[in-house]
Amino acid sequence: MSFQEMLYYYSMYRPVVTVVLIAINIIVFLMETLAGGSTNTEIAMKFGAQYNPYVSRGQWWRLLTSMFMHFGIMHLVCNMYSLYSLGSSAEYMLGGARYLILYLLSGLCGNLSTWFVESRTHRYTVSAGASGAIFGLMGFYLILAILPQYRDYVSGTNIIINLVINLFIGFTDKHIDMKAHLGGLVGGMIITLVFLE
């Protein structure tokens with residue numbers, strides 16, 4: 001398929017999985033807000049935010065549910081914008097099923113990274129958000145930018161710039177869980193390599 005043909009088919013494509021993921025995040029956010037506020041720690045814990053002492057005591061489902069929760073409207077808006085921007089093309093290139101696997105496993109890798117580090121440092125935080133999964137999508141594009149046969153389909157420069165900006169923000173803002181971001185990024189890269197074998 002030529003690059004022009006790819007652009008044409010992409011213009012006709014509807015990113016159903018991406019839209020559904022965004023809808024789930026928005027619905028959960030509205031439920032949090034109605035229950036008492038998305039920035040309320042008690043509400044966040046009830047809705048399944050990640051808190052490692054609870055995860056280590058058997059509440060492993062928090063590693064998944066926390067991926068669909070956000071603290072405040074700006075947290076939600078920024079992540080959903082990134083999800084739509086990165087996810088639409090990734091879904092088109094991978095297909096709905098593999099894209100969903102990439103998204104969920106990247107988010108899980110991010111949360112497992114947080115669990116692993118905090119279990120050893122004993123410095124616990126309440127965390128939530130789609131960022132680990134979104135960094136997994138960045139990992140997908142980074143692999144495509146590195147491999148010669150895919151360079152025509154992605155802008156390596158744009159990917160690197162976006163990644164550097166996001167990493168800089170993450171490392172300079174103590175409220176951002178960089179353990180999840182880096183875990184999601186590495187997880188996304190590994191999963192992409194498996195898909196491309």
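The following paragraphs go through a predicted model, from its overall make-up to the packing of one helix pair.

The protein contains ten helices and two strands. Read from the N terminus, the order of elements is α-α-α-β-α-α-α-α-β-α-α-α. Of its 197 residues, 44% are classed as buried. The accessible surface of the protein amounts to about 10,600 Å², and carbon and sulfur atoms account for 68% of that area. Among contacts between residues at least 6 apart in sequence, 77% link residues at least 24 apart.

One pair of helices can be followed in detail. Helix 2 covers residues 16-35 and helix 6 covers residues 73-94. Their axes lie 9 Å apart and make an angle of about 165°. Angles over 145 degrees count as roughly antiparallel, and helix 2 and helix 6 are therefore roughly antiparallel to each other. The crossing of helix 2 past helix 6 is right-handed.

Which residues of helix 2 and helix 6 meet? On the helix 2 side they are V16, V17, T18, L21, I22, N25, I26 and F29. On the helix 6 side they are I73, L76, M80, L83, Y84, G87, S88 and E91. Sorted by class, this contact of helix 2 with helix 6 comprises eleven nonpolar residues, four polar residues and one charged residue. Glu counts as charged, so the charged residue in the contact is E91 of helix 6.

Definitions and conventions:
Residues are numbered from 1 along each chain as its sequence is written. This is a predicted model: local features need pLDDT of at least 70, side-chain atom pairs count only at pLDDT 80 or more; totals for chains, interfaces and linings use all residues. Side-chain values use heavy atoms; hydrogens and water are left out. Axes are lines fitted to C-alpha atoms, for helices over the stretch in contact, and angles run from 0 to 180 degrees between N-to-C directions. Helices (H or I, at least four residues) and strands (E, at least two) are DSSP runs, numbered from the N terminus. Angles under 35 degrees count as roughly parallel, over 145 as roughly antiparallel, 65 to 115 as roughly perpendicular and the rest as oblique. A crossing is left-handed if the near helix is turned anticlockwise from the far one by less than a right angle, and right-handed if clockwise. Contact means heavy atoms within 4.5 Å. Buried means under 20% relative accessible area, exposed over 50%, partly exposed in between (1.4 Å probe, protein chains only). Accessible areas come from the Shrake-Rupley method with a 1.4 Å probe; for residues, only the protein chains shown count as cover.
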